Amino acid sequence: MTTKATGRPSGFYLRDGPHIPSYFVDVQGCWIWTRFTDRDGYARQGRKGEPCFVHRANYEAFNGTIPAGMTIDHLCRVRSCVNPDHMEAVTHKENVQRGESFSVENASKTRCVHGHSLSGDNLKIETHRGQRRRVCWKCRQEVSRRTWQRTKARAAVEKLESKTK
Ligand SMILES: [Zn+2]
Ligand SMILES: [Zn+2]
């Protein structure tokens, strides 16, 4: 995510030249569009006289052409976010289903199973086997801490065993 975030996205520098980005990066890694957004809150920018969705343009700039019939789903649920890492091309059907299950039950979930807040610094968007998902950072840290302790304990046991041999 960081590499992309520091890169120079091509899709939306049109009016101000290449050095003035039209978004800021928030703590969650969202690229929040600071210009015109439409009624629904999606980032818009005129391109070749045609108004276009910035998140779609950006997705295409980084991930390639959106296949025909596919629509872009915001995994972070932030409509004004234009970070290509936070988007996934899905069929319209999937998007509708997610709107009912994924987004309502999961993506709009404000807490993880352990009750940590799923927002701000604690919300991470991760790619796992090609699927992007929302991850609780506290729980993730806890898991790696335990794995580390287990590895350490095992190493200590092995050391003891080798000594007694
Ligand atoms: Zn985002
Ligand atoms: Zn958690």
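What share of the 165 residues in the protein chain is buried? Buried residues make up 21% of them. Keep in mind that this is a predicted model.

**Figure 1. The whole protein chain, element by element.** Count up the secondary structure and you get five helices and eight strands. Start at the N terminus and the elements come in the order α-β-β-β-β-α-β-β-α-α-β-β-α. As for contacts between residues at least 6 apart in sequence, 44% of them join residues at least 24 apart.

**Figure 2. A look into the largest nonpolar core.** Here we have 14 residues, and the ones that touch the most other members are Trp-31, Trp-33, Val-54, Cys-81 and Val-82. Two elements, β2 (31-33) and α2 (54-63), each give two or more residues to this core. The largest share comes from α2, which puts in three residues. As a general rule, nonpolar side chains in soluble globular proteins tend to be buried together.

**Figure 3. Trp-33 and the residues it touches.** Now zoom in on one of the core residues just named, Trp-33. Leaving aside residues up to four places away in sequence, Trp-33 touches Ser-22, Tyr-23 and Ala-43, along with Val-54, Ser-80 and Val-82. Val-54 and Val-82 should look familiar, since they are also on the list of core residues that touch the most other members.

**Figure 4. Arg-77, in the loop between β5 and β6.** The loop shown here links β5 (70-74) to β6 (87-91), and Arg-77 sits in it. What is the phi of Arg-77 near? Its value is near 65°, which is positive even though the residue is not glycine. Most residues other than glycine have a negative phi. Is Arg-77 buried or exposed? Somewhere in between: Arg-77 has 16 other C-beta atoms within 10 Å, so it counts as partly exposed.

**Figure 5. The hairpin of β7 and β8.** Strand β7 (residues 123-128) pairs with strand β8 (residues 131-136) in the antiparallel sense, over six bridges. To find your way across the pair, look for Lys-124, which stands opposite Val-135 in β8. The hairpin has two residues between its strands, and Arg-129 in the turn has a positive phi of about 50°.

**Figure 6. Helix α5, out in the open.** Helix α5 covers residues 137-164, 28 residues in total. From its first C-alpha to its last, α5 reaches 41 Å, close to the 40 Å expected at 1.5 Å a residue. How many of the 28 residues of α5 are buried? The number is zero, so α5 lies largely in the open.

Methods: Residues are numbered from 1 along each chain as its sequence is written. Chains are lettered from A and ligands numbered from 1 in the order in which they are written. This is a predicted model: local features need pLDDT of at least 70, side-chain atom pairs count only at pLDDT 80 or more; totals for chains, interfaces and linings use all residues. Helices (H or I, at least four residues) and strands (E, at least two) are DSSP runs, numbered from the N terminus. A residue is buried if 20 or more other C-beta atoms lie within 10 Å of its own, exposed if 12 or fewer, and partly exposed in between; C-beta atoms are placed from the backbone. Two residues are in contact if their C-beta atoms, placed from the backbone, lie within 7 Å. Two strands pair if DSSP finds at least two bridges between them. The expected span of a helix is 1.5 Å times one less than its number of residues. A nonpolar core is a set of buried Ala, Val, Leu, Ile, Met, Phe, Trp, Tyr and Cys residues joined through C-beta atoms within 7 Å.
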